[in-house]
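Work through the exercises below on how a ligand is held. Each task is followed by a solution in steps.

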Amino acid sequence: MKRISVFVLLMTCILVAGCSKNIYKRNGDVRSEDNGNRSSVTIGLSQIGSESDWRIASTDSVKAAFSVENGYDLIFDDAQQKQENQLKAIREFIDQGVDYIILDPIVESGWDSVLLEAKEAGIPVIVYDRRVEVDDDSLYTCWIGSDFHLEGKRACAWLSEYLKSKSIDREIKIADIQGTLGASAQIGRSEALDEAFRQNRNWKLVARDTGDFTTAKGKEVMNSMLKQCGDEIDVVYAENDNMAYGALEIMEQRGYKPGYDIDNGEILVISFDSSRNGLQMVLDGDIAVNVECNPLYGPRLVEIIDALEAGKEVEKETFIDEEQFSGIGYIGTIQVDGKPYTVTQVTPELLAERQY
Ligand code: GZL
């Protein structure tokens, strides 16, 4: 027995010595040599689609960050807004033996089995932007994203302040154009509005439907809402800029004016993302308040990957800081759960400096 163990020990040493020269990537390529010159890290990134300005800015950010020059081999998959395409892409990444999987999940549910497959393949999964709802959170290494519920609370707190500033305490009729149902951004923003209805008994939901975060569907939904109850609507709560663009286009076509003067028939539009086009519409007076949702994840994701490459621990959950913008300047701060948040008035100079 002892002799065998010595033999095994000897063989193991030879193998380890031989392997210590190179660390092999899961697809069999060499990842690094003794001299520590790391060759590229292979990243499989599953992106939701290209449904919005936000998404395009998000894709640009991750592609710029995970470039060949920066030492990455990025395999990028656009799922065309279909979860089944994301699941297929992740399985392909596993078969290809990538070093890391990065996922922006279109909806929160339905990820347990594919993430278990990645875990069993020993591939760390980093989730960003939207969240996954899984029974075992060891199925992913970490998440970095927005606090969507807070985004909605900030929008509603601004509306409450605005109505107070105009001494408007009549019934306020609100139409909610929701994002993709089941997406974290939709869940958080819609829940915050429902909370606001409970806190402001004179606020009334007169219409609610999903515009799937796209301009085209935002138009369709706004069109049917205006047909149903156009003359009643005081406020449109659009859960992203692209649906707000669609809503504004239809409002103009049907003779409804966006603005702040809701007591004289104007419709006050609330939006999210604070993309450059969205803030232009704030400057133009078409969108009253816009809550930022920062898409520039590339550098943050690189920090996470580099930390993992260096064998460091990473935070399980990281929220990114976000701002809020309006076309009026006299509401400079709003309170949410006792905490102040700045509301910045949009100016041409601010617009010129926007990164997305
Ligand atoms: C939010 C993001 C949402 C944006 C939309 O983090 O997932 O998806 O608000 C985008 O514009 O389509």
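**Exercise 1.** Sort the shell around the ligand by residue class.

Solution. The shell has 5 nonpolar, 2 polar and 6 charged residues. Here Ala, Val, Leu, Ile, Met, Phe, Trp, Tyr, Cys and Pro count as nonpolar, Asp, Glu, Lys and Arg as charged, and the others, Gly among them, as polar. In total, 13 residues surround the ligand (a heavy atom within 4 Å). The closest are Glu-51, Asp-129, Arg-130, Asn-240 and Asp-273.

This is a predicted model, in which local features need pLDDT of at least 70 and side-chain atom pairs pLDDT 80 or more, while totals for chains, interfaces and linings use all residues. Residues are numbered from 1 along each chain as its sequence is written, and side-chain values use heavy atoms, without hydrogens and water.

**Exercise 2.** Find polar side-chain atoms that approach oxygen atoms of the ligand, then state how much of the ligand is buried.

Solution. Step one: Glu-51 places a polar side-chain atom 2.5 Å from a ligand oxygen. Step two: for Ser-52 the distance is 3.0 Å, and an N or O atom in the Arg-55 side chain also lies 3.0 Å from a ligand oxygen. Polar contacts are pairs of N or O atoms within 3.5 Å. Step three: alone, the ligand exposes 310 Å² (Shrake-Rupley method, 1.4 Å probe), and the protein buries 100% of that.

**Exercise 3.** Which domains contribute at least three residues each to the shell?

Solution. They are domain 1 (37-146 + 295-319) and domain 2 (148-293 + 323-353), with bounds from an automatic or database domain assignment.

Definitions and conventions
A polar contact is a pair of N or O atoms within 3.5 Å; within protein, one must be able to donate a hydrogen and the other to accept it, and residues adjacent in sequence count only if both atoms are side-chain atoms.
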